[in-house]
Amino acid sequence: MASINFEQLKERSLEIRKRYHELELSHHGSEWTIEEDALAFLTDAGLVGRNVMSQQGRWPKGNTEQELKHKLGESIWWLTVLAERMNIDIEKATEDFLTSTENLLGK
């Protein structure tokens, strides 16, 4: 499988989000706000937690592996979309976080 770079991630994520905005317009008459996107991300993040519990044998649930993979990918997608909608460079934010944390922990 080929690697994806941040620019591809952003481009593909925003195109998918654009299509969801079209669905929102047809269903609700307006696009979701940034706050609604953040809530959707938090919901998916919670489902990551539930699927991790299931994978680790702490919560009985079927189809865990596939759903866990999907929700992990979806969470990265949501973070990318949220950053873009708030004019935050996700690549720089990630790099800054990694560098400052490495420095804090003494690399």
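In this predicted model, N63 sits in the loop that runs between α2 (34-55) and α3. Its backbone is a bit of an oddity: phi of N63 comes out near 55°, a positive value in a residue other than glycine. Most residues other than glycine have a negative phi. N63 counts as exposed because its relative accessibility is 52%, and the cut-off for that label is over 50%.

N87 tells a similar story one loop along. N87 is found between α3 and α4 (90-105), and this residue, not a glycine either, has a positive phi of about 60°. With a relative accessible area of 73%, N87 is exposed too.

Then there is the largest pocket, which holds about 390 Å³ of space. Its lining takes in 15 residues, and those closest to the centre are S13, I16, G73, E74 and W77. Two elements, α1 and α3 (64-85), each give two or more residues to that lining. Helix α1 puts in the largest share, with 7 residues. As for chemistry, the lining is a mix of 8 nonpolar, 3 polar and 4 charged residues.

I16 turns up again on the surface, where it joins Y20 and L23 in a nonpolar patch. Together, the three have about 280 Å² of accessible area. L23 belongs to helix α1 (residues 6-28). L23 has a relative accessible area of 43%, so it ranks as partly exposed; that value also clears the cut-off of over 30% for patch residues.

How values were computed. Residues numbered from 1 in each chain as written. Predicted model: local features only at pLDDT ≥ 70, side-chain atom pairs only at ≥ 80, totals over all residues. Heavy atoms only, no water. Patch = residues over 30% accessible without salt bridge, like charges linked within 9 Å, V, L, I, M, F, W, Y side chains within 5 Å. Areas by Shrake-Rupley, 256 points an atom, 1.4 Å probe, with all protein chains shown as cover. Salt bridge = Lys/Arg side-chain N within 4 Å of Asp/Glu carboxyl O. Helix = DSSP H or I, 4+ residues; strand = E, 2+ residues; numbered from the N terminus. Buried < 20%, exposed > 50% of the residue type's maximum accessible area, 1.4 Å probe, protein only. 1 Å grid on protein atoms, 1.4 Å probe; cavity = no way out; pocket = protein on both sides within 12 Å on 5 of 7 lines; lining within 4 Å. Points joined across faces, edges and corners; volume = space filled by probe spheres on them. Nonpolar A, V, L, I, M, F, W, Y, C, P; charged D, E, K, R; others polar.
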